[in-house]
Amino acid sequence: MVYFLYILKSNNGRHYIGMSSNPKKRLESHNSGRVISTKPYRPWAIVHLEKYENRIEARKREVALKGSFEARNRILEKVK
């Protein structure tokens with residue numbers, strides 16, 4: 001199954017990195033308030049997508065971005 005790494009951006013400039021097999025449906029969850037960590041910063045928009053062949057590869061990329069200040073900043077500079 002195909003998975004996507006996604007980056008969301010809120011109106012106040014915050015970013016959120018996640019992964020999903022259906023990023024559009026996941027965005028609806030974020031914007032409806034069903035995700036506690038993103039609820040206070042709604043609305044969100046997808047500003048970046050990366051496609052991966054499976055969940056494991058998408059998760060590796062998510063962990064790498066969330067765990068590395070440099071990697072995260074490099075990609076966030078591209079999506080501003």
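User: A residue counts as exposed when its relative accessible area is over 50%, and as buried when that area is under 20%. With this in mind, is Lys-60 buried or exposed?
Analyst: The model is a predicted one, and in it Lys-60 has its place in helix α2. The relative accessible area of Lys-60 is 52%. Because the cut-off for exposure is set at over 50%, Lys-60 is classed as exposed.

User: How far apart in space are Lys-60 and Gly-33, C-alpha to C-alpha?
Analyst: Along the sequence, 27 residues separate Lys-60 from Gly-33. In space, the C-alpha to C-alpha distance between Lys-60 and Gly-33 is 26 Å.

User: In what order do the three strands of the open sheet stand?
Analyst: Strand β1 pairs with β2 in the antiparallel sense over six bridges, and β1 also pairs with β3, again in the antiparallel sense, over eight bridges. The strands β2 and β3 are the edge strands, since each of them pairs on one side only. The order of this open sheet is therefore, with β1 taking part in both pairings, β2-β1-β3.

User: Which residue is the bridge partner of Leu-5 in β2?
Analyst: The pairing of β1 with β2 is antiparallel and runs over six bridges, and one of the facing pairs sets Ile-7 opposite Ile-17. For Leu-5, the bridge partner in β2 is Met-19.

User: Which residue takes a positive phi in the hairpin of β1 and β2?
Analyst: Four residues lie between the two strands of this hairpin. A positive phi near 90° is taken there by Gly-13.

User: How many residues does the largest nonpolar core have?
Analyst: Nonpolar side chains tend to be buried together in soluble globular proteins. In this model, the elements that give two or more residues to the largest core are β1, β2, α2 and α3. Its members include Tyr-3 and Tyr-52, which stand opposite each other in the sheet, as well as Ile-17, Leu-65 and Ile-75. Counted in full, the residues of this core number twelve.

User: How many residues does the second, separate core have?
Analyst: Among the members of this second core are Tyr-6, Leu-8, Leu-27 and Trp-44. The strand β1, which spans residues 3-10, is mostly covered, with seven of its eight residues buried. The size of the second core, in residues, is five.

User: What angle does the direction of α2 make with that of β2?
Analyst: Helix α2 packs on the sheet, where it touches β1, β2 and β3. From the side of β2, the contacts of Ile-17 include Glu-62, Leu-65 and Lys-66. The direction of α2 and that of β2 make an angle of about 165°.

User: Are α2 and α3 roughly parallel or roughly perpendicular to each other?
Analyst: The axes of α2 (residues 55-67) and α3 (residues 69-78) come within 5 Å, and where the helices meet, Arg-61, Ala-64, Leu-65, Lys-66 and Gly-67 of α2 face Phe-69, Ala-71, Arg-72 and Ile-75 of α3. By class, this contact has five nonpolar, one polar and three charged residues. The axes cross at roughly 100°, and because angles of 65 to 115 degrees count as roughly perpendicular, the two helices are roughly perpendicular.

User: Which residue does a cis peptide bond join to Arg-42?
Analyst: The bond has an omega of about 0°. The partner of Arg-42 is found in the loop between α1 and β3, and this residue is Pro-43.

Key
Residues are numbered from 1 along each chain as its sequence is written. This is a predicted model: local features need pLDDT of at least 70, side-chain atom pairs count only at pLDDT 80 or more; totals for chains, interfaces and linings use all residues. Side-chain values use heavy atoms; hydrogens and water are left out. Axes are lines fitted to C-alpha atoms, for helices over the stretch in contact, and angles run from 0 to 180 degrees between N-to-C directions. Angles under 35 degrees count as roughly parallel, over 145 as roughly antiparallel, 65 to 115 as roughly perpendicular and the rest as oblique. Contact means heavy atoms within 4.5 Å. Ala, Val, Leu, Ile, Met, Phe, Trp, Tyr, Cys and Pro count as nonpolar, Asp, Glu, Lys and Arg as charged, and the others, Gly among them, as polar. A nonpolar core is a set of buried Ala, Val, Leu, Ile, Met, Phe, Trp, Tyr and Cys residues joined through side-chain atoms within 4.5 Å. Buried means under 20% relative accessible area, exposed over 50%, partly exposed in between (1.4 Å probe, protein chains only). Two strands pair if DSSP finds at least two bridges between them. Lists of a residue's contacts leave out its neighbours within four places in sequence.
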